[in-house]
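Grab a pencil and work through these short exercises with the structure open beside you. Each one sets a task and then walks through a solution.

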Amino acid sequence: MWKNRNHLTFIGPNPVTTFNPYSRIPTIATTAYLSPFTYIVGDVRVGHNVFVGPFVSLRADEGTPFHIGSNSNLQDGVILHGLEHEYVTRNNKRYSIYIGKGVTCAHGSLIHGPCLIEDNVFVGFGTVVFNAKVGRDSFISSGAVINDGVELRPNSFVPPGASIDSQEKADSLSGVPENNQQFANEVQRVNREFPAAYSLLLGKNRCSCGLACS
């Protein structure tokens, strides 16, 4: 039976620089799960029941802070980074990156601040979201690029490979088709089980049966 001898993650403070003179450590809910080979530095706030997949990088060493809302999932190879002194505002607070509740960032997606992603958004495989605001319940298909300060209204559907680099393009998007919404809902259902399930399998405290207690 394979045993988790080296559950390697790096979680630590950001370095002090001229543009970011304050060193902060991440705050991570005890119910979140961080996979092996996760890298998190700086003022990153990870909420309840968040699943962070392998090889995810959350680097708040330039743009800061980051917020990841409850029940969201950042799948394998997701990258979060932000520009210095560039912000979005949520609830009268400034963030480099704000990710709401129930958001899926699928494998290999890049979220670069300043960026705001509202609740229940699906960000597809290999997608880039940079300097943008994405309204709740939107669906961004694989390989799309959202940038140049655009704002997607709620329930926007971005087709595969699309480049949404003007507000005119953003405003022309249709609503999310039912089959895409069903797919997003199913991905959410699966990933909401992973934090507790992986914590049971790979957590630090083990009982005599070999399974983890927390």
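**Exercise 1. Work out how much space lies in the second largest pocket and what kinds of residue line it.**

Solution. The space comes to about 310 Å³. A pocket here is an open set of points on a 1 Å grid over the protein atoms alone, where a 1.4 Å probe fits, with protein on both sides within 12 Å along at least five of seven lines; lining residues have an atom within 4 Å of a point. The volume is the space filled by probe spheres set on the points, with grid points joined across faces, edges and corners.

Next, the lining: 17 residues, with N20, Y22, T64, P65 and Y87 nearest the centre. Sort them by class and you get six nonpolar, five polar and six charged. In this sorting, Ala, Val, Leu, Ile, Met, Phe, Trp, Tyr, Cys and Pro are nonpolar, Asp, Glu, Lys and Arg are charged, and the others, Gly among them, are polar.

Before moving on, note that this is a predicted model: local features need pLDDT of at least 70, side-chain atom pairs count only at pLDDT 80 or more, and totals for chains, interfaces and linings use all residues. Residues are numbered from 1 along each chain as its sequence is written, and side-chain values use heavy atoms, with hydrogens and water left out.

**Exercise 2. Find the partners of R45 and D119, and say how covered each residue is.**

Solution. Start with the rule: a salt bridge is a side-chain nitrogen of Lys or Arg within 4 Å of a carboxyl oxygen of Asp or Glu. That gives eight salt bridges.

R45 pairs with D43, the closest N and O atoms being 2.8 Å apart. R45 is partly exposed at 30% relative accessible area, while D43 is buried at 13% (buried means under 20%, exposed over 50%, partly exposed in between; 1.4 Å probe, protein chains only).

D119 pairs with R136 at 3.6 Å. D119 sits in the loop between β15 (110-117) and β16 (122-123), and R136 in the loop between β17 (128-134) and β18, so the pair ties together parts 17 residues apart in sequence. Strands are DSSP runs (E, at least two residues), and helices are runs of H or I (at least four), numbered from the N terminus. D119 is buried at 15%; R136 is partly exposed at 37%. D137 joins these two in a network of salt bridges.

**Exercise 3. Explain how R189 and E193 are placed in helix α2.**

Solution. They are four residues apart in helix α2 (residues 178-202), about one helical turn. Their side chains meet in a salt bridge of 4.0 Å, N to O. R189 is partly exposed at 44%, and E193 is exposed at 51%.
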